[in-house]
Amino acid sequence: MIRSKKFVAAIAATMLVVTACGGGSDDDGAASSDPTSSAAEQSEDAPTAGSPGGTLRYAAANEPSRFDVHRSSNGYDQNWFAPVYERLIHQTPQAELEPGLALEWEFTDDTTFVMTLREDVSFHDGTPFNAEAVKANIERAKTVEGSGLANYLASVDTVEVLDEYEVQFNLAQPDATLPMQLATRPGMMLSPDAFENADLDEMPVGSGPFALVEYSRGDRAVYEKVDDYWDPEYAQVDQLEIFYMPDAVTRLNALRSGQVDAAVLEPSQVSEAEGAGLNVDVSDSLEVYHFQMDRSKSEFGDVLVRQALNHAVDREAIVEGLVFGYGQPTTQWVPEGSPFYNEEFGPDYYPYDPDRARELLAEAGLEDGFEFDAMVSTNPIYVRLGEILKEQFAEIGVEMDLRQEQQLADAFFVRNDADAIVSPYPGRIDPTETAQIYFNDESFSNPGRQVTPTVKDAYFEALIPADDRPDAVKALSGQIVEDALGVPMLFPNAILASTEDVNGLTWYLSGHIEFDGVTVNPG
Amino acid sequence: MTSHLETAHDSATPESGETPEVPRTPWSRFRRRFRTQRVGLISLGYLIFVVGIAVLAPLLATDSPNAQDLRAVLASPSGEHWLGTDDVGRDVFSRLLYASRTSLLAALLAVAVALGLGLVPGLVAGYARGRIDGIVMRIADALMAFPPLILAVALVGVLGPGLTNAMIAVGIVFSPRFLRILRGAAMSIREETYIEAARGLGCSSVSIIGRHVLPNVLSPLIVQISFAAGTAMLAEASLSFLGLGVQPPDASWGAMLGRSYRFYDRAPWVVLFPGIAIALTVLAFNLLGDALRDSLGREER
């Protein structure tokens with residue numbers, strides 16, 4: 001199969017980048033811990049390392065909600081933030097944690113988290129970075145009006161400055177996901193002197209390898225390399241331009257015409273991009289396409305019904321038909337290979353079996369099926385998925401009335417406009433975070449606020465930062481599948497295409513892109 | 001229609017209406033003129049053909065329009081799928097047939113709404129003039145000041161997406177066009193002597209508008225309906241292209257085009273056939289409109 005060949009190549013390319021970047025960081029465990037990296041290096045023609053300098057132009061599919069990181073409301077904003085905002089903790093493309101602004105971190109007990117910070121770092125406006133800056137950032141993220149991050153930091157009660165470069169988080173309840181959170185937007189540090197800047201939504205002040213110099217909404221952001229960034233290997237290009245191009249056809253055309261050097265594409269475009277002589281990387285991603293129910297509505301409160309729906313979807317066929325084989329079927333919210341993957345709940349845990357589904361419905365007293373209404377965003381790939389589901393649910397006598405909705409999140413999470421949605425989820429490496437987002441009775445993204453007691457117990461178990469935590473998290477991951485809280489269907493691959501002048505570009509498992517060590521040869 | 005035209009003829013040319021046996025009714029005059037319009041005849045024939053397809057879709061279709069085969073998406077045209085399959089493995093030929101229903105119905109609905117909203121105010125404004133005319137026309141001007149598609153998108157935003165709402169929105173957007181044409185026609189007709197005569201005989205305004213003005217504005221109205229049907233079909237295609245029109249899995253030609261243009265490289269047929277259908281049908285409505293304009297109305301020598 002074509003897919004698997006590309007898949008190997010993508011892993012190999014990913015490994016090369018990790019190896020290349022490892023030298024620059026304090027901890028190159030990411031490169032050495034992976035047994036395949038040396039093999040990959042030998043088997044694959046190592047791309048000739050490009051020379052530093054030049055401008056890299058990348059086309060993104062999403063635009064940032066705003067550049068004020070604390071008020072950012074979209075997980076996909078991270079692509080635009082990563083160059084300019086340095087995070088407390090970095091992550092490798094495989095979503096392993098690495099030192100960033102914090103050199104070390106640990107839980108001293110279940111509810112106390114201590115970090116030792118990097119010294120001699122200053123923000124782009126000259127403000128020094130220290131424990132006070134961390135405290136100010138976390139406090140603003142939790143309290144600023146219109147905060148998009150408060151939800152992720154809900155467990156943090158207070159932040160204490162122990163000394164200039166040591167900071168302590170006092171938690172209201174155990175939260176082992178905190179380090180992972182601090183490797184994403186909640187860990188991005190904004191200069192405290194810029195908190196009151198009127199133009200913060202357009203002009204961020206961070207301490208990252210690049211500084212934003214120009215931003216025009218709906219069009220592009222221009223970043224310039226800063227000279228005194230602590231990792232000299234990170235920024236190889238002098239200038240970085242990220243373009244916002246929501247339409248995949250536009251992105252590919254821009255790439256073909258030389259308007260950009262790299263772009264994220266859709267599975268249907270792989271053959272066209274390859275035919276045009278572009279380098280196409282097919283990478284694994286944590287993103288999940290799923291069917292999300294409001295379990296307080298329609299017949300979704302009944303586990304038998306939810307299990308029936310899980311049996312009604314033909315995941316293999318969906319992978320083939322929807323993403324042309326560029327994806328993996330799943331019943332779990334983390335992919336195989338994740339440290340938290342529960343082997344007992346493989347992709348075949350709910351095999352495609354309409355007869356079994358009808359039996360389960362009959363058991364639930366719904367021999368004649370039922371009807372509900374669902375929404376899907378206007379993005380064509382999700383509309384297609386919606387149509388596919390409608391057809392497959394109809395097979396077991398369940399009628400889904402589907403309509404398109406421009407502002408899907410508002411319509412479902414805020415206004416509760418429908419019984420269910422068909423949507424993508426950017427994904428998390430740790431199912432505890434997924435549970436926090438979707439399967440917790442306080443979650444914003446759980447519109448019915450309904451959850452099974454079994455999952456709730458497993459969730460609290462998984463929050464405790466204990467040594468045997470991975471087992472607790474696996475148990476949680478399995479419990480979510482067993483209780484059929486949703487219908488996850490597949491992990492679509494991320495498709496990244498670039499011209500042959502670009503070296504080192506890699507997709508991060510967590511669903512974003514960074515420009516760590518990327519070079520571009522002047523065309 | 002025929003009787004109205006006859007009335008029109010009678011009223012418009014009273015001197016010829018005096019003769020007891022009418023050698024040339026307006027209908028026969030129209031037929032005589034229209035027969036010479038080859039392009040118009042072809043367009044009419046094509047539109048009748050499309051309507052026939054829409055009516056007979058269930059008999060003609062080779063497959064259910066919504067039956068998916070995820071293991072054969074974007075398959076090329078073959079004996080099994082005459083026009084190939086689309087992006088979830090549905091038969092393009094069968095969908096195209098069923099989609100003609102949606103597209104025609106959409107055009108019909110939009111024109112009906114536009115006519116419903118424009119007819120009475122247009123006639124009244126044109127006939128009454130004065131303050132009523134001023135008020136009606138300012139409202140129409142306000143509607144026309146917006147770019148049509150933007151206004152339609154905004155209206156759908158308020159009404160909610162869906163074919164019916166989208167076509168109501170298009171109808172609202174089109175209504176000033178009908179209104180202005182009717183007003184203009186009514187304004188010129190009200191100065192005719194037979195209207196004055198009717199007024200002199202003591203007919204009420206309502207009866208004059210209904211019995212004398214309306215029949216005489218039918219010619220420009222019919223022409224405008226044909227043009228508007230084509231434009232409405234195009235507007236439906238645009239709105240469905242944007243996801244505001246027909247909702248999945250139902251298809252209209254515009255919706256088929258909107259979702260498939262991104263697969264053009266892999267499967268040109270998913271774009272080509274609905275595109276051809278829209279282009280030909282809109283063209284036919286317009287050419288028919290031209291031919292009707294040339295065939296209706298008074299003889300001016």
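A salt bridge is a side-chain nitrogen of Lys or Arg within 4 Å of a carboxyl oxygen of Asp or Glu. Keep that in mind as you work through these exercises on a predicted model.

**Exercise 1. Which residue of chain B forms a salt bridge with A:E320, and how far apart are the closest N and O atoms?**

Solution.
- Step 1: Start from A:E320 and look across to chain B; the partner is B:R71.
- Step 2: The closest N and O atoms of A:E320 and B:R71 are 3.9 Å apart, and the cut-off is within 4 Å.
- Step 3: Now widen the view to the whole interface of chain B and chain A, where there are seven salt bridges. The side of chain B that touches chain A has eight charged residues, along with twelve nonpolar and four polar ones.

**Exercise 2. How many residues does each chain bring to the contact, and what area is buried between chain B and chain A?**

Solution.
- Step 1: Chain A brings 27 residues and chain B brings 24.
- Step 2: About 2200 Å² is buried between the two chains, with carbon and sulfur atoms giving 51% of that area.
- Step 3: Look for the main contributors on chain B: B:L70, B:R71 and B:R262 supply 29% of the area that chain B buries against chain A, more than any other three residues. You have met B:R71 already, as the partner of A:E320.
- Step 4: Finish with the polar contacts, found for nine residue pairs between chain B and chain A.

**Exercise 3. Within chain A, how many salt bridges are there between domain 1 and domain 2?**

Solution.
- Step 1: Locate the domains of chain A: domain 1 covers 2-246 + 494-518, and domain 2 covers 288-492.
- Step 2: Find the contact, in which 21 residues of domain 1 meet 18 residues of domain 2. The area buried here is about 1700 Å², and carbon and sulfur atoms give 58% of it.
- Step 3: Count the salt bridges between these domains: zero. There are, however, five residue pairs in polar contact.
- Step 4: The side of domain 1 that touches domain 2 has ten nonpolar, six polar and five charged residues.

**Exercise 4. Why is helix α9 of chain A described as largely enclosed?**

Solution.
- Step 1: Helix α9 spans residues 303-312, and nine of its ten residues are buried, so the helix is largely enclosed by the rest of the structure.
- Step 2: Among the buried residues are A:L304, A:R306 and A:H311.
- Step 3: The elements covering them include α10 (315-323), α12 (380-395) and β18 (487-492) of chain A.
- Step 4: At the N-terminal end, A:D302 acts as a cap, with a side-chain oxygen 2.8 Å from the backbone nitrogen of A:L304.

Note on methods: Residues numbered from 1 in each chain as written. Chains lettered and ligands numbered in written order. Predicted model: local features only at pLDDT ≥ 70, side-chain atom pairs only at ≥ 80, totals over all residues. Heavy atoms only, no water. Domains from an automatic or database assignment. Contact = heavy atoms within 4.5 Å. Buried area = accessible area lost by both parts, 1.4 Å probe. Polar contact = N/O pair within 3.5 Å; in protein donor to acceptor, adjacent residues only side chain to side chain. Nonpolar A, V, L, I, M, F, W, Y, C, P; charged D, E, K, R; others polar. Buried < 20%, exposed > 50% of the residue type's maximum accessible area, 1.4 Å probe, protein only. Helix = DSSP H or I, 4+ residues; strand = E, 2+ residues; numbered from the N terminus.
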